[in-house]
Amino acid sequence: MSDTLQRLAAIIEERKSADPDSSYVAQLHHKGLEKILAKVAEETDEIIEAAREAEQDGNIEHIIYETADLWFHTLVMLAKLGTGPEAVLAELDRRFGVSGLDEKASREQS
C-alpha cells in the first residue's frame with residue numbers, strides 16, 4: 001500500500017486552518033462538525049447508490065470515485081476530531097487474526 005492516506009491527512013491538517021475562501025477543507029472546518037458529518041452522510045448515500053449501479057452494470061468506476069469522496073470526507077471528519085488515518089489503521093491492524101464474528105460479538109457484549 002502507498003502512503004496516500006498519510007499524505008492526504010497531512011494536507012487536510014495543513015489546510016483546516018487556512019482561509020475558508022481559499023480551501024474547501026478550511027470551509028468545512030469553519031462550518032463545523034455538523035457540516036462535515038452532513039458531507040459524510042451525503043457521500044455514504046452516493047456510495048450506496050453507486051454500489052447498486054455497479055452490481056447492475058458491472059462498471060466499478062463510479063463506486064471507486066464515490067469511495068474516494070467518502071474516504072476524503074471521513075479524513076476531514078477525523079482531522080476535525082483531532083485524529084487521523086493512523087488510528088484507524090492501527091485498529092484494523094489490531095483486528096488481524098480475530099474472527100469477524102468474534103470481533104462483532106465482543107462489541108455486542110460491551
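Here are some short exercises on this structure, each with a worked solution.

Before you start, note that this is a predicted model, in which local features need pLDDT of at least 70, side-chain atom pairs count only at pLDDT 80 or more, and totals for chains, interfaces and linings use all residues. Residues are numbered from 1 along each chain as its sequence is written, and side-chain values use heavy atoms, with hydrogens and water left out.

**Exercise 1. The overall plan**

Work out how many helices and strands the protein has, and what percentage of its residues is buried.

Solution.
- Step 1: Begin with the rule for elements: helices (H or I, at least four residues) and strands (E, at least two) are DSSP runs, numbered from the N terminus.
- Step 2: Count them, and you find six helices and zero strands. Read from the N terminus, the order is α-α-α-α-α-α.
- Step 3: Picture the extent: along the principal axes, the C-alpha atoms fill a box of roughly 45 × 35 × 30 Å.
- Step 4: Now apply the burial rule, with a 1.4 Å probe and protein chains only: buried means under 20% relative accessible area, exposed over 50%, and partly exposed in between. Of the 110 residues in the protein, 26% are buried.

**Exercise 2. The nonpolar core**

Find which helix gives the largest share of the largest nonpolar core.

Solution.
- Step 1: A nonpolar core is a set of buried Ala, Val, Leu, Ile, Met, Phe, Trp, Tyr and Cys residues joined through side-chain atoms within 4.5 Å. In soluble globular proteins, nonpolar side chains tend to be buried together.
- Step 2: The largest core here has 16 residues, and those touching the most other members are Ile 12, Val 25, Ile 36, Ile 63, Phe 72, Val 76 and Met 77.
- Step 3: Two or more residues of this core come from each of α2, α3 (33–57) and α4.
- Step 4: Helix α4 gives the largest share, with eight residues.

**Exercise 3. A pair of rings**

Identify the aromatic pair and say which helices its two rings belong to.

Solution.
- Step 1: Rings of Phe, Tyr and Trp (its six-membered ring) pair if their centres lie within 6.5 Å; planes under 30 degrees apart count as stacked, over 60 as edge-to-face and the rest as tilted.
- Step 2: This rule gives one aromatic pair. Its members are Tyr 24 and Phe 72, with 6.3 Å centre to centre and 20° between the planes, which makes the pair stacked.
- Step 3: Tyr 24 belongs to helix α2 (residues 24–31) and Phe 72 to helix α4, so the pair ties together parts that are 48 residues apart in sequence.
- Step 4: Check the surface too: Tyr 24 has 38% relative accessibility, so this residue counts as partly exposed.

**Exercise 4. The largest pocket**

Describe the lining of the largest pocket: which residues lie nearest its centre, and how many are nonpolar, polar or charged?

Solution.
- Step 1: On a 1 Å grid over the protein atoms alone, using a 1.4 Å probe, a pocket is an open set of points with protein on both sides within 12 Å along at least five of seven lines; lining residues have an atom within 4 Å of a point.
- Step 2: The volume, meaning the space filled by probe spheres set on the points, joined across faces, edges and corners, is about 460 Å³.
- Step 3: The lining has 16 residues, with Leu 5, Trp 71, Leu 75, Pro 85 and Leu 89 nearest the centre.
- Step 4: At least two lining residues come from each of α1 (4–15), α4 (61–80) and α5 (85–95); α4 has the largest share, six residues.
- Step 5: Sort by type, where Ala, Val, Leu, Ile, Met, Phe, Trp, Tyr, Cys and Pro count as nonpolar, Asp, Glu, Lys and Arg as charged, and the others, Gly among them, as polar. The result is twelve nonpolar, four polar and no charged residues.

**Exercise 5. The last helix**

Find which residue caps the N-terminal end of α6, and how many residues of this helix are buried.

Solution.
- Step 1: Look in the loop between α5 and α6, where Ser 99 is found. With a relative accessible area of 33%, Ser 99 is partly exposed.
- Step 2: Ser 99 is the cap, with a side-chain oxygen 3.1 Å from the backbone nitrogen of Leu 101.
- Step 3: Helix α6 (residues 100–109) is hardly covered, as one of its ten residues is buried.

Key
Polar contact = N/O pair within 3.5 Å; in protein donor to acceptor, adjacent residues only side chain to side chain.
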